[in-house]
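Subject: Handing over the structure we spoke about

Dear colleague,

I am passing on the structure to you below, and I would be glad if you opened it beside this message. My notes on what was found follow directly after it.

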Amino acid sequence: MKKMKEICGAGNLQSLNGITGSMNPQRHFVELHMESFLHLGGLRTALYNYLFAKKHGGNFILRLEDTDRSRLVPGAADGIEDMLEWAGIPPDESPRRGGLFGPYEQSQRLSLYHEAVQALLESGSAYRCFCTPQRLELIKKEALRRRQTPRYDNRCRHLTSAQVQEKLAQNLPFVVRFQLPSGAHSFQDLVFGWTHHDVASVEGDPVILKGDGFPTYHLANVVDDYKMAVSHVLRGEEWLISTTKHLLLYRALGWRPPAYAHLPLLLNKDGSKLSKRQGDIFIQHFVQRGYLPDAMLDIITNCGSGFTGNQIGRTLPELIEQYNLQSVSTHSALLDLDKLPEFSRVHLSRWIEGADMRAQLVARLQTLLREKYKDATFDREYIERILVLRKGHLILLTDLLSPDYSYLWVRPSVQQEDLHRLSSEASEIGSLVVQILHKSRHDTSLELLSRELKSHLQQLKATKYSTSMQLLRLVLSGIKKGPSVAEMMLSLGVEESIIRVQKALCS
Ligand SMILES: [Zn+2]
């Protein structure tokens, strides 16, 4: 921790990377706001913290900001941890996992905030404000009438201690405000560089302890970061403006602050704000639609920040290795969700290639199939074969539940008239194909089977090769388009293909 202040003060990223080894264990944290479930922006902030912590041998800490009692959403805290676990970036310390610096819910840390408030009151850096809501409302209205930004007029700064004692004796309600000193120092943000914000010249003294005894974000954030020995704070750009206030609080409390890195906003590709109201930016939505966590992590890091060069297909270990806070730019990151299917296709292919990950896909699909086709069971080898053959074509695992693939799970019903309308040689085609399939029973490949089918079926007199294929596709699947006939046969297996062909063409 001692080194951290130097880094913060020197603000030299080169030295940050250079002395990583000597500042172990780094502690490092993300705070996720509790009013909502995890969305893409939150996932990105969490991921950047996770990558930074893992890259530098630190801990990734999740703390729940739940002091705004009016905005609590039941289940949101668990939902966020569930989603981080789903994404493969679980925190090292959190409400669920615990840790040496707990509790990790702010609502359970009130005594720590009260201690800090007491210290600030005693040193004269904070004061009690007894202004009524009516008075504050009047100040606001007056400012708006003059077209000025409303700010508290700091009136209670000037109460004498006798006046304060008298009001306390009358049991008047109060909040505690932090007395903003004028002439704030500049600070060096690890992304935005030197930043200066003379907060006292534009804002009234901020409330740090509310009437209900709960702290505001500013105080809780400072107290927790300090008490939890946090070394680096990576958070959204929207907090950059508040950082001076936080640093002033550190100074008033006599504490060393952590280093700050503010991450530029994540926006839609047209530059508009990702709206939580759209609902489809919540991670849960992508989980339900069947996206793999790798695809989500890849796309949110592929919009121009933290990595040199964009490329599809990066895995979490690669992200950790390639991540570099120095290449986080101050430009907003533009997220192009239209590209998500391509990210998904690439990562699904990778999952199909790896035996362990393929096993997970198979288990997942077995569950989904049981739900869809009651009582039906499909064995592992069958599903694995299908996945391997369809690799590179599937965007989502759940594509295999669409009507286009139902032939894999149920035998299609085929109209004899349709077949005979296609070719007068339907039964010849049937017996020819059954022979080919019998021959291929023990040893064949997609290439071999395609070649066999082609060389035999091209010799038919009255039926064009492409028509034979159309006919066979219909026989095997009941649909007119889809994978090649040879692939369908290998997916279904030789035995099942023979049954379907015989049933439709040889009876
Ligand atoms: Zn007041």
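Tyr-48, Phe-307 and Tyr-323 come together as one aromatic cluster, in what you should keep in mind is a predicted model. The ring of Tyr-48 also has a charge above it, since the charged end of Arg-44 sits over that ring at 5.2 Å from its centre. A comparable arrangement to look up elsewhere is that of Arg-128, which lies over the face of Phe-174, 5.5 Å from the ring centre.

In total the structure holds 10 aromatic pairs. In one of them, Phe-286 and Tyr-291, the ring centres are 6.1 Å apart and the planes meet at 65°, and because an angle over 60 degrees counts as edge-to-face, this pair is given that name. Both partners are buried, Phe-286 with a relative accessible area of 2% and Tyr-291 with one of 7%.

Which residues hold the zinc ion? It is coordinated by the SG atoms of Cys-129, Cys-131 and Cys-156 together with the OH of Tyr-152, at 2.0 to 2.3 Å. The angles among the 4 donor atoms run from 101 to 119°, and the site is tetrahedral. Along the chain, these donors follow the spacing C-x1-C-x20-Y-x3-C. Two of the donor residues can be described further, for Tyr-152 is buried at a relative accessible area of 9%, and Cys-156 is buried as well, at 6%.

Several loop residues deserve a careful look. Asn-154 and Arg-147 both have a positive phi without being glycine, with values of about 60° for Asn-154 and near 55° for Arg-147. Asn-154 is in the loop between α6 and α7, and Arg-147 is also placed between α6 (133-145) and α7. Are they buried or exposed? Arg-147 counts as exposed, at 79% relative accessibility, whereas Asn-154 is buried, with a relative accessible area of 13%.

Two prolines can be added to this list. Pro-103, in the loop between α4 (76-86) and α5 (110-123), is joined to Gly-102 by a cis peptide bond with omega at about 0°. Pro-173 belongs to the loop between α7 (161-169) and β4 (175-178), where it is exposed with a relative accessible area of 67%. Apart from its neighbours within four places in sequence, Pro-173 is in contact with Cys-129 and Phe-130, and Cys-129 is one of the residues that coordinate the zinc ion.

Finally, there are two helices to examine. Helix α10 (residues 240-253) has 14 residues and reaches 20 Å from its first C-alpha to its last, close to the 20 Å expected. This helix is mostly covered, with 11 of its 14 residues buried, among them Leu-240, His-246, Tyr-250 and Leu-253. After α10 comes Gly-254, which has a positive phi near 75°.

Helix α14 (residues 340-353) likewise has 14 residues and reaches 20 Å between its first and last C-alpha. Its buried residues, including Phe-343, His-347 and Trp-351, pack against α11 (283-288), α12 (293-300), α15 (355-372) and α16 (380-390). When you follow such residues along a helix, it may help to recall that an α-helix has 3.6 residues a turn, so residues three or four places apart point the same way.

With best wishes

Definitions and conventions: Residues numbered from 1 in each chain as written. Predicted model: local features only at pLDDT ≥ 70, side-chain atom pairs only at ≥ 80, totals over all residues. Heavy atoms only, no water. Phe/Tyr/Trp six-rings, centres within 6.5 Å; stacked < 30°, edge-to-face > 60°. Buried < 20%, exposed > 50% of the residue type's maximum accessible area, 1.4 Å probe, protein only. Lys NZ or Arg CZ within 6 Å of the ring centre and 35° of its normal. Helix = DSSP H or I, 4+ residues; strand = E, 2+ residues; numbered from the N terminus. Expected span 1.5 Å × (residues − 1). Donors = N, O, S within 2.8 Å, 3.2 Å for Na, K, Ca; no water. Tetrahedral: all angles 85-135°; square planar, octahedral: opposite > 155°, others 65-115°. Contact = heavy atoms within 4.5 Å.
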